[in-house]
Amino acid sequence: MNSSNDKSHVTETPDVSYIKNVDVTHETGDVQIGSVVRFAIALFVLLAASCLLMWGMFHMLASRTKEPDRSPMALSDNERLPPEPRLQGAPGFGEGLGSTATPGPSEQERTAIRARQVEVPKNPLWEINEVRKRWSDTLKNGPVDQNGRPYGMPIEKAKEEILKQGLPARERKAVSR
């Protein structure tokens, strides 16, 4: 059964370059390019028309809606504020900041507030921002006492002084084994 002359399986591709079939060639009429282009243009025009119609319909419906009048039972702006005392953004710093800080709205907002005679709450972050300003000023210029006299030095200056004096080094103890 295992004869060396038995060639039932060939692994190389046979040479077919000599085969010529004049009747079978590439057909140029299989796909009509003009029809494909017309279909693509028509699809684009239909898509654009649909988008324009939806945009127009959206604006028509938006113009027909009317905001309802405010209910006479609705709370006013002043009544909607939470009761005093309100939460404090930076607890423990509010007493001193209220007299020296300049919190609150811009000039346009103040004009609108005066026109409406409504108390508008301060910006929720004004207190924290004021505390951060004071802390950064203390770090930059050093601490001051109640009379405004400096009693310490800024951190950067303290670092320079330590470097001038030289940093103390720890002594290493020899480990005996």
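A salt bridge is taken here as a side-chain nitrogen of Lys or Arg lying within 4 Å of a carboxyl oxygen of Asp or Glu, and by this rule the count comes to 4 salt bridges. The structure in which they are found is a predicted model, and the description below moves from the chain as a whole to these pairs and then to a nonpolar patch on the surface.

The chain contains 5 helices and 0 strands, and the order of these elements along the sequence is α-α-α-α-α. Of the 177 residues in the chain, 7% are buried, and the chain exposes about 17400 Å², with carbon and sulfur atoms supplying 58% of that area. Among the contacts in the chain with a separation of 6 or more, 54% are accounted for by residues 24 or more positions apart.

In helix 4, which spans residues 126-141, Glu130, Lys133 and Arg134 are linked in a network of salt bridges. Glu130 takes part in a salt bridge with Lys133, for which the closest N and O atoms are 3.8 Å apart, and in a salt bridge with Arg134, for which the corresponding distance is 3.5 Å. Because Lys133 and Glu130 are 3 residues apart in this helix, they are separated by about one helical turn; Glu130 and Arg134, at 4 residues apart, are likewise placed about one turn of the helix from each other. The members of the network are covered to varying degrees: Glu130 has a relative accessible area of 14% and is therefore buried, under the cut-off of 20%, whereas Lys133, at 53%, is exposed, and Arg134, at 36%, is partly exposed.

A further salt bridge joins the side chains of Glu156 and Lys159, with an N to O distance of 3.6 Å. Both residues belong to helix 5 (residues 155-165), where they lie 3 residues apart, about one turn of the helix. Glu156 has a relative accessibility of 51% and so counts as exposed, the threshold being over 50%, while Lys159, at 47%, counts as partly exposed.

Apart from these charged pairs, a nonpolar patch on the surface is formed by Val31, Ile33, Val36, Val37, Ile41, Phe44 and Val45, which together present about 700 Å² of accessible area. Within this group, Val31 is located in the segment before helix 1, the helix that covers residues 33-64, and Val31 counts as exposed at 52% relative accessibility.

Methods:
Residues are numbered from 1 along each chain as its sequence is written. This is a predicted model: local features need pLDDT of at least 70, side-chain atom pairs count only at pLDDT 80 or more; totals for chains, interfaces and linings use all residues. Side-chain values use heavy atoms; hydrogens and water are left out. Patches are made of residues with over 30% relative accessible area and no salt bridge: like charges are joined within 9 Å, nonpolar side chains (Val, Leu, Ile, Met, Phe, Trp, Tyr) within 5 Å. Accessible areas come from the Shrake-Rupley method with a 1.4 Å probe; for residues, only the protein chains shown count as cover. Helices (H or I, at least four residues) and strands (E, at least two) are DSSP runs, numbered from the N terminus. Buried means under 20% relative accessible area, exposed over 50%, partly exposed in between (1.4 Å probe, protein chains only). Contact means heavy atoms within 4.5 Å.
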